[in-house]
Amino acid sequence: MKFTLLVVGRTLQKHFLRGVSDYTERIKHYIPFETEIIPEPKSAKHLHEDQQKEKEGNSILKVLRQGDVPILLDERGKEFRSVEFAAWINRQMQTTNKRLVFIVGGPYGFSEKVYAAAQEKIALSKMTFSHQMTRLIFIEQLYRAMTILKGEPYHHE
């Protein structure tokens, strides 16, 4: 099984890049993990929000492979405590053969086609985070889940 974080647009701020890079390397000690970047649509600034979501959605769907399990990081998703998320990850690792693909959409969220393709939605919080920050928070939580599953001292109850 492989874990993929699929994101729309590049991370530009250096402090987020450093954090993402650090936690990505840590995660790779436990599981195969990669981040895949989908470029923002050309002329995104000049597109209506629905047009932008549609273009981003088409790009997301093109990247998904048969057998992938797409999971949206979405404000309307299920919230977990870190220990619950670790248990959920463990169940996924026991039942999924292909890629578990966690998807961060663009600034306006996801198109209806992407929502229809998703198998689950997860919310990182009831609060709203920038898409750059969402990437870092998610990767840190995935690392935390791995340490919880291994019984390592990173997470404290």
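**Exercise 1. Packing of helix H2**

Find which elements the buried residues of H2 pack against in this predicted model.

Solution.
- Step 1. List the buried residues of H2: Gln-52, Lys-53, Glu-56, Gly-57, Ile-60 and Val-63.
- Step 2. Place them around the helix. They lie on the same side of H2, because the arc they cover around the axis is only 130°.
- Step 3. Name the partners. The buried residues of H2 pack against E1, strand E2 (33–38), E4 and helix H4 (112–117).
- Step 4. Check the length of the helix. H2 covers residues 49–63, and its 15 residues should span 21 Å at 1.5 Å a residue; the end C-alpha atoms are 21 Å apart, which agrees.

**Exercise 2. A residue of H2**

Decide whether Leu-61 is buried, partly exposed or exposed, and find its contacts.

Solution.
- Step 1. Locate the residue: Leu-61 is in helix H2.
- Step 2. Apply the cut-offs. Buried means under 20% relative accessible area and exposed over 50%. The relative accessible area of Leu-61 is 28%, so Leu-61 is partly exposed.
- Step 3. Set aside the neighbours within four places in sequence. Leu-61 is then in contact with Lys-113, Val-114 and Ala-117.
- Step 4. Take one of these, Val-114. Leu-61 and Val-114 are 53 residues apart in sequence, yet 6.9 Å apart in space, C-alpha to C-alpha.

**Exercise 3. The two sides of helix H3**

Sort residues of H3 into buried and exposed, and name what the buried ones pack against.

Solution.
- Step 1. Describe the helix. H3 runs over residues 82–95, 14 residues in total, and reaches 20 Å from its first C-alpha to its last, close to the 20 Å expected at 1.5 Å a residue.
- Step 2. Pick out the buried residues: Ser-82, Phe-85, Ala-86, Trp-88, Ile-89 and Gln-92. Their arc around the axis is only 160°, which puts them on the same side of H3.
- Step 3. Turn to the other side of H3, where Gln-94 and Thr-95 are exposed.
- Step 4. Name the partners of the buried residues: strand E1 (2–8), strand E3 (69–79), strand E4 (99–104), strand E5 (120–123) and helix H5 (131–149).

**Exercise 4. A residue of E1**

Decide whether Phe-3 is buried or exposed, and list its contacts.

Solution.
- Step 1. Phe-3 is in strand E1.
- Step 2. The relative accessibility of Phe-3 is 1%, so Phe-3 counts as buried.
- Step 3. Leaving aside neighbours within four places in sequence, Phe-3 is in contact with Ile-31, Pro-32, Phe-33, Glu-34, Ile-89, Met-93, Leu-100, Phe-102 and Leu-142.
- Step 4. For one of these contacts, Met-93, the separation along the chain is 90 residues, and the C-alpha atoms are separated by 9.6 Å.

**Exercise 5. Two pockets**

Describe the linings of the largest pocket and the second largest pocket.

Solution.
- Step 1. The largest pocket has a volume of about 430 Å³. It is lined by 23 residues, and the closest to its centre are Leu-73, Asp-74, Glu-75, Phe-129 and His-131.
- Step 2. E3, H4, E5 and H5 each supply at least two residues of this lining. E3 gives the most, with four residues.
- Step 3. The lining of the largest pocket has eleven nonpolar, seven polar and five charged residues.
- Step 4. The second largest pocket has a volume of about 290 Å³. Of its 16 lining residues, Val-8, Gly-9, Arg-10, Glu-40 and Gln-132 are the closest to its centre.
- Step 5. H5 gives the most to the lining of the second largest pocket, with three residues. This lining divides into six nonpolar, seven polar and three charged residues.

Technical notes. Residues are numbered from 1 along each chain as its sequence is written. This is a predicted model: local features need pLDDT of at least 70, side-chain atom pairs count only at pLDDT 80 or more; totals for chains, interfaces and linings use all residues. Side-chain values use heavy atoms; hydrogens and water are left out. The expected span of a helix is 1.5 Å times one less than its number of residues. Buried means under 20% relative accessible area, exposed over 50%, partly exposed in between (1.4 Å probe, protein chains only). The arc is that of the directions from the helix axis to the C-beta atoms. Contact means heavy atoms within 4.5 Å. On a 1 Å grid over the protein atoms alone, a cavity is a set of points where a 1.4 Å probe fits but cannot get out, and a pocket is an open set with protein on both sides within 12 Å along at least five of seven lines; lining residues have an atom within 4 Å of a point. Grid points are joined across faces, edges and corners, and a volume is the space filled by probe spheres set on the points. Ala, Val, Leu, Ile, Met, Phe, Trp, Tyr, Cys and Pro count as nonpolar, Asp, Glu, Lys and Arg as charged, and the others, Gly among them, as polar.
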